[in-house]
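User: Hi! Could you walk me through this one? I'm new to reading structures.
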Amino acid sequence: MINKIPFLYKKPVSFINLPLTLISLEDWALIKLSGPDVMKYLQTQITIDINLLQNNQHILCCHCNAMGKMWSNLRIFKRKEYFYYIIRRDVLNLQLKEIKKYSIFSKVSIEIDNNLILLGIAGLKVRKILLNIFNTLPNADNQLIQKKNTTILQFNKPSERFLIITTNKIATKFINKLYNNIQFNNSAQWLVLEIESGYPIIDNVNSQKFIPQSTNLHMLHGINFNKGCYIGQEIITRTQFRGTNKNSMYLLEGQSKYIPKSGDTIEVKLGENWRNTGRILTALELANKKLLIQIVMKNNLNINTKFRVSGDNTSNLINKPLSYNIK
């Protein structure tokens with residue numbers, strides 16, 4: 001019986017090799033928004049049109065500063081009568097301070113919800129196993145369902161997986177019910193699945209470094225270019241319509257003697273020389289010793305160029321295609 005969250009760490013694996021796995025999401029936090037002005041307020045803060053968000057949707061979007069640079073990205077949805085978003089815990093304090101900055105002028109409450117548990121579940125026969133517990137599940141057309149005190153979000157990338165938001169009591173029963181039929185891992189495994197899905201990971205070290213298009217948010221339907229004003233909107237929209245964005249997010253895979261940190265650069269081979277390029281969003285090593293690096297680089301680079309981890313002459317990295325085309 002397991003009743004302690006987060007679960008113990010195991011070296012994560014690619015979705016291709018992932019057995020049925022229950023994942024604690026301690027590296028993500030849940031924010032609750034409420035009050036009569038919440039929709040109006042959110043409309044001035046984030047990059048999607050909040051008026052178009054349906055009860056059965058969850059959308060990845062972002063919150064930017066006045067220069068159009070991302071404080072963070074966030075996944076927003078409705079739970080019962082409230083709005084919620086999920087965000088990386090590492091950038092939480094900074095982002096929460098900024099999104100609450102003008103809330104004193106509106107009837108809106110924005111707070112961390114520590115009363116609910118976040119769990120991910122993915123891997124072999126995940127839908128079949130969950131149907132034995134919940135009877136109905138969300139799908140590609142209805143990405144989110146509510147079941148009393150439990151909210152379930154469905155993801156298609158990199159393969160079908162689910163994010164469960166529920167009470168501690170229900171989470172404990174759920175964990176114990178699956179105990180003999182599933183393996184457990186902590187947030188590192190969910191991070192791998194987010195990276196393989198092509199979803200940008202914005203932690204504190206990379207906050208205010210990129211406009212949304214540089215992390216491919218426009219290709220993930222995370223920006224509405226037709227909505228009204230929001231913080232950073234003028235620069236973000238102008239960049240899009242003038243085609244002046246010079247960066248894109250890529251996924252590199254390979255080997256290295258060590259794992260680089262978020263905010264580090266890598267090296268690219270130009271002629272006979274190696275030069276620093278890009279800025280790493282996140283990097284980690286899989287159980288098979290392969291290194292995954294999510295990085296923002298100039299989008300005019302030849303993706304077939306040789307890359308390596310800075311300072312490691314034995315390192316070898318190649319571009320791994322994302323689940324969508326970079327434009």
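Analyst: Happy to! Keep in mind that this is a predicted model. Let's begin with helix α3, residues 126-134, which lies across β7 (116-122), β8, β9 and β10 (161-167). Helix α3 runs at about 30° to β10.

User: And which strands does helix α4 touch?
Analyst: Helix α4 (residues 168-178) packs on the sheet and touches β1 (21-24), β7, β9, β10 and β11. The direction of α4 makes about 135° with that of β10.

User: Cool. In what order do the strands of that sheet come?
Analyst: The order is β8-β9-β10-β7-β1-β11, so to speak from one side to the other: six strands in an open sheet with mixed pairing. At the edges are β8 (144-147) and β11 (183-185), each pairing on one side only. From one strand to the next, the twist averages 20°.

User: What holds paired strands together in general?
Analyst: Strands of a sheet pair through backbone hydrogen bonds, either parallel or antiparallel.

User: How many bridges are there between β8 and β9?
Analyst: Four, and these two strands pair in the antiparallel sense, with β9 covering residues 150-155. For a spot to look at, find Q146, which stands opposite T151 in β9.

User: Switching topic: is strand β12 mostly covered or mostly open?
Analyst: Mostly covered. Eight of the nine residues in β12 (residues 247-255) are buried.

User: Which strands does it pair with?
Analyst: β12 runs antiparallel to β16 (residues 291-298), joined by eight bridges. There, G254 has L291 of β16 as its bridge partner. β12 also pairs with β18 (residues 316-319), again antiparallel, over four bridges. In that pairing, L252 stands opposite N319.

Technical notes. Residues numbered from 1 in each chain as written. Predicted model: local features only at pLDDT ≥ 70, side-chain atom pairs only at ≥ 80, totals over all residues. Heavy atoms only, no water. Buried < 20%, exposed > 50% of the residue type's maximum accessible area, 1.4 Å probe, protein only. Pairing = 2+ DSSP bridges. Axes fitted to C-alpha atoms, helices over the stretch in contact; angles between N-to-C directions. Contact = heavy atoms within 4.5 Å.
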